[in-house]
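Trainee: I should like a close look at a single part of this model, namely its metal site. Please set out the site first and then its wider setting.

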Amino acid sequence: MLYENGKPFHDYVDADKGLVDRVIFSDQAIYELELERIFARAWNFMCHESQIPKAGDFFLSFIGEESVIATRDKKGELQVLLNSCRHRGNAVCRAEEGNARSFLCTYHGWTYGLDGQLIGVPGYKDFYHEQLDKSQWGLVKAKVASYKGFVFATMDPEAVDLDEYLGPVGRMSIDLLAAQGPLKMVAGVQKNIIGCNWKLAVDNLFDYYHVGISHASAFMSNFRARDPEAPPAPPRFSFGKHRVWLGDYGHAIGGPRIPTDEMANIIAHDNPNLDETWRHRDDARAILGDQAIESVGHPNIFPNLWVTEANQISLRLPKGPTGCEIWWFTLVPEGLDEKQHEEAIRGANHQFGPSGFLEQDDGENWDQSTRQTMGVVARRYPLNFSMNLKHGEVITPADGGAPYVDTAINEHAQLWTYRAWADWMDAESWAALKASRTPVPSDRL
Ligand code: FES
Ligand SMILES: [Fe+2]
């Protein structure tokens with residue numbers, strides 16, 4: 001075993017020098033502890049409420065590696081149920097989504113209501129002599145809550161409530177989408193498996209350093225074009241202007257900012273391949289405030305939900321220390337005509353997902369990065385997260401908004417994610433995590 005039992009996880013992340021030990025990306029024992037201390041404890045994204053609008057609608061999701069059913073019961077309440085029969089453990093739901101009146105286990109026929117209650121047991125009278133207390137043998141239930149239609153669940157009864165968990169940075173992450181207007185989820189989720197550690201996929205979502213190199217060919221092909229006749233959309237980012245928010249429990253938003261006057265120029269050019277007009281609406285500014293309205297960066301809701309600003313959201317689901325299943329959900333504004341709807345989906349498909357230009361490039365790099373954490377020699381050398389470290393001053397807005405840093409391109413959000421990872425891994429309970437987590441920095445990054 002590579003992981004030395006008892007060694008604090010903070011020893012694997014040197015926040016002062018910006019170094020991260022490669023062992024955390026491929027060690028089986030560390031991975032198993034992540035499932036216990038991070039995924040079984042955190043609020044995990046399940047689905048969007050528009051995917052399960054009616055009673056009986058369900059959507060199969062994951063908490064760590066465990067299958068869970070997100071559903072709406074007869075009263076219309078959201079439920080998240082562990083997809084495992086209490087008799088011999090069989091999965092009670094095999095379809096990825098659909099509508100059901102109840103969940104009948106195909107092994108021996110125990111039947112569960114939409115709220116998880118055990119409602120039917122073959123032979124209840126004759127074989128169990130009516131002595132089986134059905135009220136005690138329902139499906140295991142998660143705590144469920146939603147924020148602006150985004151449904152989350154936790155399996156830890158001690159978890160803080162969702163609002164406290166998300167805090168201003170987690171809420172802002174979702175607001176960056178919600179501020180664009182009412183959205184609905186496109187049917188179907190694109191799923192593919194990459195041979196990488198899930199943390200390297202999360203790390204990359206904040207990474208603008210790689211864009212010009214990894215995605216050079218994608219940009220040459222004008223892959224985002226909805227109207228191929230239109231000139232290429234103007235670049236939306238520079239290396240010089242970045243804004244970063246670090247949030248409690250490991251959430252972060254990192255990436256470029258476009259000052260309001262520069263954004264006005266982009267909008268004035270009216271390029272069909274880059275619609276940013278929503279950023280000039282008063283209601284959007286009221287939701288986001290003066291700082292977030294300028295962000296075109298990427299948020300991660302810890303541990304594994306990437307909310308892109310381009311109407312796609314992604315889960316990085318752990319599948320062993322060296323496997324990650326990537327899920328892509330596409331949201332579209334309500335009220336689009338058929339052509340606009342098609343264009344929005346085509347734009348999303350060209351960007352991320354199995355057929356996306358960008359993730360084809362990225363996946364290859366993450367796979368190789370993961371492989372190179374396994375070598376006995378390579379493992380002696382940490383990875384480097386020192387870009388612009390200690391060159392960012394934290395600004396606390398006078399209006400009470402979340403503290404942020406204006407800086408050039410950097411790796412603050414990545415390093416923060418690993419610091420938070422160590423907090424979660426070192427804590428033996430929610431109470432310990434609350435007491436010992438690293439405070440959001442208020443001076444320098
Ligand atoms: S395993 Fe489900 S009824 Fe036996
Ligand atoms: Fe990328």
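Mentor: The iron ion (ligand 2) is coordinated by NE2 of H210, NE2 of H215 and, listed twice, OD of D362, at 2.1 to 2.3 Å. Donors here are N, O and S atoms within 2.8 Å of the metal (3.2 Å for Na, K and Ca), and water is not among the atoms, so sites may look incomplete. This is a predicted model, in which local features need pLDDT of at least 70 and side-chain atom pairs count only at pLDDT 80 or more, while totals for chains, interfaces and linings use all residues. Residues are numbered from 1 along each chain as its sequence is written, chains are lettered from A and ligands numbered from 1 in the order in which they are written, and side-chain values use heavy atoms, with hydrogens and water left out.

The angles among the four donor atoms of the iron ion (ligand 2) run from 58 to 144°, and the site is irregular. For that term, four donors count as tetrahedral if all angles lie between 85 and 135 degrees; four count as square planar and six as octahedral if opposite donors are over 155 degrees apart and all others between 65 and 115; anything else is irregular. Along the sequence, the donor residues follow the spacing H-x4-H-x146-D. Two of these donor residues can be described further: H210 is buried, with a relative accessible area of 14%, and H215 is buried at 3% relative accessibility. Buried means under 20% relative accessible area, exposed over 50%, and partly exposed in between (1.4 Å probe, protein chains only).

The cysteines offer a further point. The structure holds zero disulfides, a disulfide being a pair of cysteine sulfur atoms within 2.5 Å. The sulfur of C196 has its closest cysteine sulfur in C324, and because the two are 4.6 Å apart, they are too far for a bond. C196 is buried, with a relative accessible area of 0%, and C85 is also buried, at 5% relative accessibility.

Finally, N265 may be placed in this picture. N265 lies in helix 6 (residues 260–268); helices (H or I, at least four residues) and strands (E, at least two) are DSSP runs, numbered from the N terminus. At 49% relative accessibility, N265 counts as partly exposed. From D156, N265 is 109 residues away in sequence and 48 Å away in space, C-alpha to C-alpha.
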